[in-house]
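Student: I would like to go through this model with you and ask, each time, what lies behind the words we use for it.

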Amino acid sequence: MGVATYIKDDKDAIKEVILQSGIKVKPVYTPDDLERIGFDYHKDLGDAGEFPFARSLHPMGYRSRNWTTRQYTGFGTPDETNERFKLMISHGQTGLNVAFDLPTQMGYDSDHPMAEGEVGRVGMAVDSLRDFEIAFKDIALDRIGSGLTINAVASVMLAMYQAVAEKFGFDRSRISATPQNDILKEIVGRGAWIYPVEPAVRLIGDTIEYAMKVLPRCNPVSICGYHIRESGCTPAQEISYAFMIAFAYIDNVIARGYRAEDFVGRFSFNLNIYGNLWETVAKFRAARKLWARLLRERYGVQDSKALFLRGIFGGGGSGMTKQQPENNIMRGAYYALAAALSGAQTTALCSFDEAYTIPTERAALLSLRTFQILMDEIGLRDTVDPLGGSYFMETLTKEMEEKILEEMEKIEKVGGMVEAVSSGFVQREVARQAYEYEKKLQNGEVIKVGVNRYTEGVDMEVELHAYNEEWARLQIDHLKELKRSREGTAVSRTLKALEKAAQKKENVMPYLVDCCNAYATVGEMADVFRAVFGEYVEPNIF
């Protein structure tokens, strides 16, 4: 799953290198390789900032602007999260990437029996607009963009973000939020789903349509190949699945009477970095080319900016190890290097302690400093696409492009991504890849330093980010107080209107904003959808 496989002969001499996507790497590359693959400068590479955008989305790359850094942040109560937001911004972070606890992700309030033991544990607990008012207090929401790492109730959180921004006096047309909002990858890669596939996709279509009209600077969906890659798929599959998921969302909105060009320019991607450096760089270069080309061919998109593959390239947690955790500092630096060499617009980096816990302040700052060193010391901003024109990199990029298309064709043959997820086809593929990787890790075909090679030495003591049981009590007390003090008739009225909109298949976003402003809770809004849509039942994938 993470690195190349090295097949050796009896004398332990490296005989063959096969990347995880199935591409064989030659010992030496020459101009003959470019001729073999039919390399054409204008078709396959092009100038920076020009179609097909293999080199960069911008003519001057990082010479014209830094990449945005967003470290995954959020834990405990909204008060603790607000403090961490301000700490990271004060140290140079230029965007927020907000974590939510599992009850919030699953549409349960903090006082629900299903939330016991999980309130604030792996992210911020959010029950109502009041929590957003605390978490985003004194944050310049017209200048700081926020990624909202949530899916099943992403429509609720986007509505809440709009409501809190307007309450703080910000023009909704100026705020920038990116809810993850990718339920198909959630079903494949994480498991934090609530509703059946079709109504869940419809909710995503509602957010896209609404953002088009009301929140023009928001990115209403972030398609997350990242989590599918973390679950076991190959780099080529990661991009192919992400694109097929994106097409499912595009098709939903087109069916409402819009053109792809009207909205696809606000799509964002969350893609993964770990393992083999060259395979990773080739993956992103091939992805930019293919996304632009396929949007033109499949949907007739002509506007250059609408063809950009925009998003965050994040250093993947699966690359980090509990064994010898200090090694993760070096791994993280190389993941950040891969992001920069790939032309990432926005980056995040798993911290060295994340195999154990959510990041401590020290670990999060080390990750942020890693990016800043690359920007300002090492020379990663000196020139656009420094690997461009390499015999090896251009050949690998072309071969990666072909692998991605092969994987996309498999999904097309089973009826597209909605059908592939509903039937469990993609889940089976990912589970199979994860199993194959684990076998190779255990038998040493895949080398992992400190895990199955160079295991000598003593592991360092890792400072754990302590979970405070008091957080849950405080959060539940605040929720009880909210329910006592809010206007009950307004809550009932807005929830009833939301129910009718969901039943009539109206766009639910305006109704969600009304519910948030009335201080309806996340659980109450999610329960309306549960009652109307039902809940998803996972297919048997074995």
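Student: What is the bridge partner of threonine 68 in strand 12?

Tutor: In strand 12 that partner is threonine 346. Before we go on, note that this is a predicted model, in which local features need pLDDT of at least 70 and side-chain atom pairs count only at pLDDT 80 or more, while totals for chains, interfaces and linings use all residues. Residues are numbered from 1 along each chain as its sequence is written, and side-chain values use heavy atoms, with hydrogens and water left out.

Student: How do you know that strand 4 and strand 12 pair?

Tutor: Two strands pair if DSSP finds at least two bridges between them, and strand 4 and strand 12 (residues 346-349) are joined in the parallel sense over two bridges, so the definition is met. Strands themselves are DSSP runs of E with at least two residues, helices are runs of H or I with at least four, and both are numbered from the N terminus.

Student: What makes strand 4 and strand 9 edge strands?

Tutor: The open sheet has five strands in the order 4-12-11-10-9, with parallel pairing. Strand 4 (68-69) and strand 9 (222-223) each pair on one side only, and that makes them the edge strands.

Student: Which bridges link strand 10 to the strands beside it?

Tutor: Strand 9 and strand 10 pair in the parallel sense over two bridges, and isoleucine 223 has phenylalanine 269 of strand 10 as its bridge partner. Strand 10 and strand 11 also run parallel, joined by five bridges, and in strand 11 phenylalanine 313 is the bridge partner of leucine 271. Between these two strands the chain passes through helix 11 (residues 277-299), in a β-α-β crossover that is right-handed; the term applies if, with the strands pointing away from the viewer, the path from the first strand over the helix to the second runs clockwise.

Student: Why is strand 10 called mostly covered?

Tutor: A residue is buried under 20% relative accessible area, exposed over 50% and partly exposed in between, using a 1.4 Å probe and protein chains only. Six of the six residues of strand 10 are buried, so the strand is mostly covered. Ser268, Asn270 and Asn272 point one way, whereas Phe269, Leu271 and Ile273 point the other way. In a regular strand the side chains alternate between the two faces of the sheet.

Student: How do you know that the span of helix 12 agrees with the expected one?

Tutor: The expected span is 1.5 Å times one less than the number of residues. For the 16 residues of helix 12 this gives 22 Å, and the end C-alpha atoms are 23 Å apart, which agrees. Its buried residues, among them Tyr335 and Leu341, pack against strand 10, helix 11, strand 11, strand 12 and helix 13, where contact means heavy atoms within 4.5 Å. Helix 12 is followed by glycine 343, whose phi is positive, near 80 degrees.

Student: What makes helix 8 largely enclosed?

Tutor: Of the 18 residues of helix 8, 15 are buried, so the rest of the structure largely encloses this helix. Helix 8 (residues 197-214) reaches 26 Å from its first C-alpha to its last, close to the 26 Å expected.

Student: How do you know that cysteine 233 is in no bond with cysteine 224?

Tutor: A disulfide is a pair of cysteine sulfur atoms within 2.5 Å. The sulfur of cysteine 233 is 12 Å from that of cysteine 224, its closest, and this is too far for a bond. By this rule the count comes to zero disulfides. Cysteine 218 is likewise in no disulfide, as the nearest cysteine sulfur, in cysteine 516, is 14 Å away.

Student: Is cysteine 233 buried or exposed?

Tutor: Cysteine 233 has 0% relative accessibility, so it counts as buried. Cysteine 218, with a relative accessible area of 1%, is buried too.

Student: Is lysine 505 buried or exposed?

Tutor: At 65% relative accessibility, lysine 505 counts as exposed. Lysine 505 sits in the loop between helix 18 (488-504) and helix 19 (509-517), and its phi is near 60 degrees, a positive value in a residue other than glycine. Phenylalanine 53 also has a positive phi, near 65 degrees, but phenylalanine 53 is buried, with a relative accessible area of 1%.
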